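New to this one? Here is a quick tour of how its pieces are arranged, starting with the overall layout and moving on to the helices and a couple of loop residues.

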Amino acid sequence: MSNTTWWERYEDDVCVVSTDSSLSVARALPPTGLIYSARMQGQQMRDSDGVFAQFYEALRLPDYFSWNWNALRDCLTDLHWISAKHFLLTIDDADAALSESAEERKILSRALNDAG
């Protein structure tokens, strides 16, 4: 599958790709247009404050970000301060993110899916 086909297939979705996947970065990128790529560390996202800090730094969230789940969702669904058409967010060691809070993990997943 080419990167164009892969991107069209998953354009409106949040996709979790395991480290042993054969998906290359080239295939994960959109075929054209400005892209903003952010890389976060799941090991630093053990609690909600860690999640908020990683997103704040990686996406350069605005100063009015309120450091709560609703604010994160709102910012993710309107990234107007970043001049890009496409976004690629990578979370290294994603299994470590919120690993002790299944409920907060679901909240993060919903926020990411809403943004997608």
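Helices and strands here are DSSP runs, with helices needing at least four residues and strands at least two, and they are numbered from the N terminus. With that in hand, the order along the sequence reads α-α-β-α-α-β-α. Keep in mind that this is a predicted model.

**The big picture**

- The protein has 5 helices and 2 strands.
- It is made of 116 residues, and 32% of them count as buried.
- Take the contacts with a separation of 6 or more: 54% of them come from residues 24 or more positions apart.

**Helix α5**

- Helix α5 runs over residues 102–115, and its 14 residues should span 20 Å at 1.5 Å a residue, which agrees with the 20 Å between its end C-alpha atoms.
- Which residues of α5 are buried? They are L108, A111 and L112.
- Looking down the axis of α5, you'd find those buried residues within an arc of 95°, so they line one face of the helix.
- Turn to the face pointing away from that buried side, and you meet the exposed residues A102, E103, K106 and R110.
- As for what the buried residues of α5 pack against, that would be α3 (48–58), α4 (69–77) and β2 (86–92).

**Helix α4 and its pairing with α5**

- In α4, the buried residues are W69, A71, L72, C75 and L76.
- These cover an arc of only 160° around the axis, which puts them on the same side of α4.
- The cover over the buried residues of α4 includes α3 and α5.
- α4 and α5 pack with their axes 8 Å apart, at an angle of about 20°.
- Angles under 35 degrees count as roughly parallel, and α4 and α5 are therefore roughly parallel to each other.
- Is the crossing of α4 and α5 left-handed or right-handed? The crossing of these two helices is right-handed.
- On the α4 side, the residues that meet α5 are W69, L72, R73, L76 and T77.
- Their partners in α5 are E104, I107, L108, A111, L112, D114 and A115.

**Helix α3 and its pairing with α4**

- The buried residues in α3 are S48, G50, V51, F52, Q54, F55 and A58.
- Among the elements covering them are β1 (35–41), α4, β2 and α5.
- How do α3 and α4 sit, and what is the angle? They pack at about 25°, with their axes 11 Å apart.
- That angle is under the 35-degree cut-off, and α3 and α4 are therefore roughly parallel to each other.
- The crossing of α3 and α4 is left-handed.
- Here the contact is made by S48, V51, F52 and F55 from α3, together with W69, L72 and L76 from α4.

**A closer look at L72**

- If you want one residue to zoom in on, try L72, found in helix α4.
- Residues under 20% relative accessible area are called buried, and L72, at 0% relative accessibility, counts as buried.
- Leaving aside residues up to four places away in sequence, L72 touches V51, F52, F55, L61, F65 and L108.
- L72 and A111 are 39 residues apart along the chain, yet their C-alpha atoms are separated by 7.4 Å.

**Two loop residues with positive phi**

- A bit of background: most residues other than glycine have a negative phi.
- R60 goes the other way, with a positive phi near 50°.
- You'll find R60 in the loop between α3 and α4, where R60 follows α3.
- Is R60 buried or exposed? Its relative accessibility is 60%, and since anything over 50% is called exposed, R60 counts as exposed.
- L98 also has a positive phi, near 50°, without being glycine.
- The place to look for L98 is the loop between β2 and α5.
- L98 is buried, with a relative accessible area of 0%, whereas R60 is exposed.

Notes: Residues are numbered from 1 along each chain as its sequence is written. This is a predicted model: local features need pLDDT of at least 70, side-chain atom pairs count only at pLDDT 80 or more; totals for chains, interfaces and linings use all residues. Side-chain values use heavy atoms; hydrogens and water are left out. The expected span of a helix is 1.5 Å times one less than its number of residues. Buried means under 20% relative accessible area, exposed over 50%, partly exposed in between (1.4 Å probe, protein chains only). The arc is that of the directions from the helix axis to the C-beta atoms. Contact means heavy atoms within 4.5 Å. Axes are lines fitted to C-alpha atoms, for helices over the stretch in contact, and angles run from 0 to 180 degrees between N-to-C directions. Angles under 35 degrees count as roughly parallel, over 145 as roughly antiparallel, 65 to 115 as roughly perpendicular and the rest as oblique. A crossing is left-handed if the near helix is turned anticlockwise from the far one by less than a right angle, and right-handed if clockwise.
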